[in-house]
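Please take a moment to look through the structure below before reading on. The paragraphs that follow lead from an empty space inside the protein to the residues packed around it and beyond.

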Amino acid sequence: MSLPCLYEDGFLLAVNKPAGLAVHRGAARDRTFALQLVRDQVGRHVHAVHRLDRATSGVLLFALDPDTARRMQERFEAGEVTKRYLALVRGIPPESGVIDHPIPRDEDGPRVPAVTEFRRLATFERYALVEARPRTGRRHQIRRHFKYLSHPLIGDVRYGKGEHNRLFRERFGLHRLALHALELAFEHSETGLSVRIMAPVPEDLAGPLRAMGMEVAE
């Protein structure tokens with residue numbers, strides 16, 4: 001298994017991670033994980049700069065050396081990286097808004113500030129496709145924030161509703177979390193150049209969206 005390469009230079013490498021693949025070897029002792037796959041593809045050690053949930057697809061950034069990894073992680077922590085996601089949610093949220101709601105940094109940790117901007121892109125019956133731009137990088141931030149708004153993500157087995165998840169499996173063949181990391185944009189820590197990396201929406205999400213009449217304009 002190889003992961004599509006979206007960007008590569010002498011310092012950074014980005015791939016399009018599929019849904020269902022963990023970034024690191026976790027407590028479940030995954031036999032296959034993104035860090036290992038990318039390391040094998042490029043034939044050298046790589047360092048994950050940020051993380052995506054196992055269930056989320058999209059842009060995943062690695063550094064090729066520890067110093068670059070540290071400097072890019074500092075940019076993520078400082079909010080200097082623009083992150084853009086697509087999500088399918090239950091209900092019709094406002095056309096746009098800002099969710100400012102503290103959530104735990106880790107599973108059982110104290111609540112910390114968390115902010116997500118969003119705008120509604122399209123609707124289908126009682127559901128909506130939204131673009132989410134998290135300003136902070138908390139665990140499950142987008143999933144938790146839209147649950148807080150009473151608009152949980154479709155396919156979310158932790159924060160969503162089983163009846164809606166089943167409906168989309170049976171009606172549209174959507175067997176995954178409807179969340180995709182569409183874009184990362186930042187100033188390169190080593191070259192100072194502006195970098196914009198886009199990840200095409202994979203067919204396991206794009207197909208169901210098309211069936212709902214939602215063409216994804218990236």
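A cavity, as the word is used here, is a set of grid points where a 1.4 Å probe fits but cannot get out. The model in front of you is a predicted one, and by this rule it holds 1 cavity of 30 Å³ or more. The volume of the largest cavity is about 30 Å³, and its lining is made up of H50, L52, V59, K83, Y85, A181, E183 and L184. Sorted by character, these lining residues comprise 5 nonpolar, 1 polar and 2 charged. Strand 5 (82–90) and strand 11 (179–187) each contribute at least two residues to the lining, and strand 11 gives the most, with 3 residues.

Two of the lining residues, Y85 and A181, are also among the residues touched by T56, when neighbours up to four places away in sequence are not counted. T56 lies in the loop between strand 3 (47–48) and strand 4, and although one might wonder how a loop residue is placed, T56 is buried, with a relative accessible area of 2%. The other residues that T56 touches, again leaving out those up to four places away in sequence, include K17, P18, R176 and H180.

From here we can turn to the nonpolar interior. The largest nonpolar core has 28 residues, and those with the most contacts inside it are F62, F146 and L153. Several elements each supply at least two residues of this core, among them strand 2 (12–17), helix 1 (34–42), strand 4 (57–63), strand 5 and helix 3 (141–148). If you follow F146 outwards, passing over residues up to four places away in sequence, you will find that it touches V89, I99, F118, V130, A132, H151, P152 and L153. A second, separate core has 17 residues, including I154, L182, V201 and L205.

Helix 4 shows how one helix can present two sides. Which residues of helix 4 (residues 162–172) are buried? They are H164, N165, F168 and F172, and because they cover an arc of only 105° around the axis, they lie on the same side of helix 4. On the other side of helix 4, E163 and E170 are exposed. The buried residues of helix 4 pack against strand 5, strand 9 (115–124), strand 10 (127–134) and helix 5 (203–211). Just after helix 4 comes G173, which takes a positive phi of about 70°.

Methods. Residues are numbered from 1 along each chain as its sequence is written. This is a predicted model: local features need pLDDT of at least 70, side-chain atom pairs count only at pLDDT 80 or more; totals for chains, interfaces and linings use all residues. Side-chain values use heavy atoms; hydrogens and water are left out. On a 1 Å grid over the protein atoms alone, a cavity is a set of points where a 1.4 Å probe fits but cannot get out, and a pocket is an open set with protein on both sides within 12 Å along at least five of seven lines; lining residues have an atom within 4 Å of a point. Grid points are joined across faces, edges and corners, and a volume is the space filled by probe spheres set on the points. Helices (H or I, at least four residues) and strands (E, at least two) are DSSP runs, numbered from the N terminus. Ala, Val, Leu, Ile, Met, Phe, Trp, Tyr, Cys and Pro count as nonpolar, Asp, Glu, Lys and Arg as charged, and the others, Gly among them, as polar. Buried means under 20% relative accessible area, exposed over 50%, partly exposed in between (1.4 Å probe, protein chains only). The arc is that of the directions from the helix axis to the C-beta atoms. Contact means heavy atoms within 4.5 Å. A nonpolar core is a set of buried Ala, Val, Leu, Ile, Met, Phe, Trp, Tyr and Cys residues joined through side-chain atoms within 4.5 Å.
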